[in-house]
Amino acid sequence: MIGFKESPWIIHYDASSCNGCDIETLACLTPLYDVERLGVINTGNPKHADIFLVTGAVNEQSKEVIRNIYHQLPEPKVVVAVGICASTGGIFRDCYNVSGGVDSVIPVDVYVPGCAARPEAIIDGVVKALGVLETKQKEMVEMAHSIDKVIYLQADKTDAPEILALQKVAYQSEGELYGDDSLPALQQSLEDLQNDFERKPNREASLLGARGQSEDPEDRVIFIKAVVNGKIIGSIRGFAIDNTAYLSRMMVHPYFRGRGIGRRLLDEIEKAFPRVTRFETKTGHQSKRNLFQMSRRGYTEFKREPFTPTITWVYLQKTVSAVGHRNSGRQPAVATKSN
Ligand code: SF4
């Protein structure tokens with residue numbers, strides 16, 4: 001961590017600024033402010049950077065570039081939105097091609113106000129970013145040490161903000177894979193996700209293409225979360241109609257992938273539906289990791305449906321023999337440790 005604090009490396013990207021904020025950012029490097037004397041390096045390589053500093057509002061052209069740069073920064077990383085345009089879209093927010101501030105595309109940690117943002121404010125923002133970076137670094141070290149103590153719990157409505165934040169991070173790679181922001185997981189609002197906790201399955205079913213209505217008044221969407229050190233690092237949701245459980249949004253934080261967490265999430269959500277004899281889910285046709293993981297858990301493809309010009313949904317199913325094939329009762333395994 002000392003390296004971060006003594007010499008943070010920054011990558012600066014102009015999303016579509018009027019250049020006012022860029023000039024102020026560059027002023028930080030001039031002899032008057034000379035942040036390099038404090039160890040701050042302005043690098044052109046995202047793989048070497050700790051802090052992603054963005055100026056200007058996000059438009060259709062800069063969206064993909066921002067996402068691309070963001071993914072190349074190693075974890076932990078911090079995003080600083082410099083100026084009103086980067087924070088909210090500013091005076092450009094109603095333009096036909098502007099989607100808003102940087103947080104409309106990637107998570108932002110520090111907002112620097114001003115039009116243009118003054119060099120002193122930008123330096124303050126970077127100092128704040130160092131604090132955030134230190135906190136993230138400590139959290140990651142603690143989580144990495146406790147990865148064998150992941151617990152799997154049923155989530156409730158109060159978890160919605162954390163699950164949504166995870167969803168936006170976890171699905172960035174899918175959005176990038178398809179070059180398409182219209183993935184429902186990336187578009188979902190907090191209100192919509194909170195409503196999911198109370199939604200009766202028939203509405204969700206229409207989203208997944210299911211037929212029929214639940215006759216069990218207790219049926220609802222069940223969320224499972226993977227928690228380590230009090231932080232949610234994975235989640236999946238599902239609901240049952242008749243003899244089928246429809247599963248969706250299996251996600252694991254990118255830093256914790258490849259450690260069996262997705263597999264355990266799938267096991268836990270299946271246990272939550274002991275009465276069904278069939279499971280159904282879907283994923284994008286290019287999501288090879290998901291397809292591989294699902295096939296290893298016994299899921300097979302049964303249909304394909306185009307969703308957008310770039311995304312085709314692959315529907316997968318798995319049939320299980322009879323009632324009682326898993327634990328009895330409707331509750332998922334609670335507070336079980338991963339192996
Ligand atoms: S905040 Fe002001 S100075 Fe900065 S990019 Fe927007 S309009 Fe330009």
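**Close-up 1. Strand 1 and strand 2 of the predicted model run parallel and are joined by two bridges.** Strand 1 covers residues 9-14, and strand 2 covers residues 41-42. W9 has I41 of strand 2 as its bridge partner. Between these strands the chain passes through helix 2, and this β-α-β crossover is right-handed.

**Close-up 2. Strand 1 also pairs with strand 3 in the parallel sense.** Five bridges link strand 1 to strand 3, which spans residues 51-55. Opposite I11 stands F52 in strand 3. Strands of a sheet pair through backbone hydrogen bonds, either parallel or antiparallel.

**Close-up 3. Five strands form an open sheet with parallel pairing.** Their order is 2-1-3-5-7. Strand 2 and strand 7 (110-112) are the edge strands, each pairing on one side only. Strand 7 is joined to strand 5 (residues 78-82) by three bridges, and the two run parallel. V112 in strand 7 is the bridge partner of V82.

**Close-up 4. Helix 2 packs on the sheet, and so does helix 5 (residues 119-145).** Helix 2 touches strand 1, strand 3 and strand 5, and its direction makes about 140 degrees with that of strand 3. Helix 5 touches strand 1, strand 3, strand 5 and strand 7. The direction of helix 5 makes about 175 degrees with that of strand 7.

**Close-up 5. Residues around the ligand include C18, C21, C85 and C115.** The others are S17, G20, I84, G114 and A116. Six residues of this shell are nonpolar, three are polar and none is charged. Helix 2 (20-27) and helix 4 (83-88) each supply at least two residues of the shell.

Notes. Residues are numbered from 1 along each chain as its sequence is written. This is a predicted model: local features need pLDDT of at least 70, side-chain atom pairs count only at pLDDT 80 or more; totals for chains, interfaces and linings use all residues. Side-chain values use heavy atoms; hydrogens and water are left out. A residue is near a molecule or strand if one of its heavy atoms lies within 4 Å of it. Helices (H or I, at least four residues) and strands (E, at least two) are DSSP runs, numbered from the N terminus. Ala, Val, Leu, Ile, Met, Phe, Trp, Tyr, Cys and Pro count as nonpolar, Asp, Glu, Lys and Arg as charged, and the others, Gly among them, as polar. Two strands pair if DSSP finds at least two bridges between them. A crossover is right-handed if, with the strands pointing away from the viewer, the path from the first strand over the helix to the second runs clockwise. Contact means heavy atoms within 4.5 Å. Axes are lines fitted to C-alpha atoms, for helices over the stretch in contact, and angles run from 0 to 180 degrees between N-to-C directions.
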